[in-house]
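Subject: The structure I promised you

Hi,

Here is the structure I said I would pass on. Have a look at it first, then read my notes below with the picture open.

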Amino acid sequence: MSTLPRPLIVLLSLTCVVILAAALSAAQAVIAPVVFAIFVIALVWPLQGALQKRMPAVAALLVTMLVTLVTLLGLALLVAWAFGRVGAHVVTNAAQIQAFYAAQIAWAEARGIDVAGSIAAQFDARWLVRLAQGVLAQLRGTMSFILLTMVFVLLGLLEVGAVRSQMARLGSGTAAALLRAAERIGTKLRAYMLVRSLVSVATGLVVWAFAKVMGLELAAEWGAIALVLNYIPFLGPLVATLFPTLFAALQFGSWGAALMVFAGLQVMQFLGGSYIEPRLAGRNLAVSPFLVLASVFVGGFLWGVPGAFIGPPALIAALTLCQEFLGARPFAALLSGQEARD
């Protein structure tokens, strides 16, 4: 039996990847809640299993669903409150923002830099109101997404035990490997979310304290935004840094103060993301930083903010799955970003 030439195999593989990506993007409304439901099930299944030892299965399921729903809605309401407060502040101070912007334009034009153009005509209070309305629409969409995901979580938790027992009864090597991979993926995802949550809470508190010390308005809101956005590696902390920096420039009327705020926030984000978090996670969750950033961008390109969030966990799941199969272990070593050991 003849084999295909290697260039043709590579071309066919890339074509399949492009087609799969297009399908995932087109079917986001259906597939994204299912993927998030599987992710949530991997996180909360041990809780349900522990509760089932102390109460009836139905009661354990209801308690697990309640804890999950309260956690997800709590985070959603926290970010809605924070961005809502910031949006209201923007609308209320639209005239001040317009004046600050005009002063910067005048400063640039006085030095022969033409930066106004059509942007100056569009940057007004109406544009800010439209921006605030767009943010609110995104938040309403997030609530709908959470409720749909919870429906899939409920149905999935009812079947986890049955699926596990069926895979164990198959007895084949592939089924056993998949079952081991699923258990390891769940363990790693729970460790990942625990570390990410601890660092996110610490980051939120530090950003709130720093904003208070700097005299920056909306200190609690900036802390809440930093807490939630820290769940998205690289991009989340960057956005959580840029917003307070721009508001510092507006509030203090000085780019020097804004740069101090930016530098302070960047130092905090760097220490949390590049020093503290890797040491808490350890080698068991080691993944190439380049691929983590790539997973954030690819996920964001396919599914927006939810995709940017789910990208790194999906990468961890792929890495763990590759480790269970001998032929795919070189890819797992590549994804880990660790140096080879003799």
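First, a bit of vocabulary: helices and strands here are runs assigned by DSSP, at least four residues for a helix and at least two for a strand, and they are numbered from the N terminus. With that in hand, the order of elements along the chain reads α-α-α-α-α-α-α-α-α-α-α-α. In other words, the protein chain has twelve helices and zero strands. Please keep in mind that this is a predicted model.

**The chain as a whole**

The protein chain has 342 residues, and 36% of them count as buried. Its exposed area is about 19700 Å², with 73% of that coming from carbon and sulfur atoms. What about contacts along the sequence? Taking contacts with a separation of 6 or more, 72% are between residues 24 or more positions apart.

**Two helices that bend**

Start with α2, which covers residues 28-52. Its 25 residues should span 36 Å at 1.5 Å a residue, and the C-alpha atoms at its ends are 34 Å apart, so the two values agree. Even so, α2 has a bend of about 45° at V44, with the proline P46 following within four residues. V44 is one of the buried residues of this helix, and others on that list include A32, P33, F36, F39, V40, Q48 and L51. When you look at which positions of a helix face inward, it helps to know that an α-helix has 3.6 residues a turn, so residues three or four places apart point the same way.

Now go to α11, residues 289-323. How far apart are its end C-alpha atoms? They are only 19 Å apart, although a straight helix of 35 residues would reach 51 Å at 1.5 Å a residue. Look along α11 for W303 and you will find a kink of about 150°, shortly before the proline P306.

**Aromatic rings**

A pair of aromatic rings is described by the distance of the centres and the angle of the planes. This structure has six such pairs. One of them is F36 with F145, an edge-to-face pair with 5.2 Å from centre to centre and 85° between the planes. F36 belongs to helix α2 and F145 to helix α6 (residues 125-170), so this pair links distant parts of the chain, 109 residues apart. Both F36 and F145 are buried.

Another pair is F83 with F243, also edge-to-face, at 6.2 Å centre to centre with 85° between the planes. Here too distant parts of the chain are linked: F83 sits in helix α3 (residues 57-92) and F243 in helix α9 (residues 235-252), 160 residues apart. F243 counts as partly exposed because its relative accessibility is 32%.

If you want to see several rings together, select F36, F39, F145, Y231 and F309, which form one aromatic cluster.

**The salt bridge**

Side chains of opposite charge can pair when their charged atoms come close. The structure holds one salt bridge. Which residues make it? R85 pairs with E221, and their closest N and O atoms are 2.6 Å apart. R85 lies in helix α3 and E221 in helix α8 (residues 219-229), with their positions 136 residues apart in the chain. Are the two partners buried or exposed? R85 has a relative accessible area of 43%, so it is partly exposed. E221 has a relative accessibility of 3%, so it counts as buried.

**Two odd loop residues**

L218 is not a glycine, yet it has a positive phi of about 60°. You will find L218 in the loop between α7 (173-214) and α8. L218 counts as buried because its relative accessibility is 14%.

F234 does something similar: it is not a glycine either, and its phi is positive at about 70°. F234 is in the loop between α8 and α9. With 43% relative accessibility, F234 counts as partly exposed.

**One last residue to click on**

T245 is in helix α9. Its relative accessible area is 9%, so T245 is buried. What does T245 touch? Leaving out residues up to four places away in sequence, T245 touches A258, V261 and F262.

Cheers

Methods: Residues are numbered from 1 along each chain as its sequence is written. This is a predicted model: local features need pLDDT of at least 70, side-chain atom pairs count only at pLDDT 80 or more; totals for chains, interfaces and linings use all residues. Side-chain values use heavy atoms; hydrogens and water are left out. Buried means under 20% relative accessible area, exposed over 50%, partly exposed in between (1.4 Å probe, protein chains only). Contact means heavy atoms within 4.5 Å. Accessible areas come from the Shrake-Rupley method with a 1.4 Å probe; for residues, only the protein chains shown count as cover. The expected span of a helix is 1.5 Å times one less than its number of residues. The bend at a residue is the angle between axes fitted to the seven residues ending there and the seven starting there. Rings of Phe, Tyr and Trp (its six-membered ring) pair if their centres lie within 6.5 Å; planes under 30 degrees apart count as stacked, over 60 as edge-to-face and the rest as tilted. A salt bridge is a side-chain nitrogen of Lys or Arg within 4 Å of a carboxyl oxygen of Asp or Glu.
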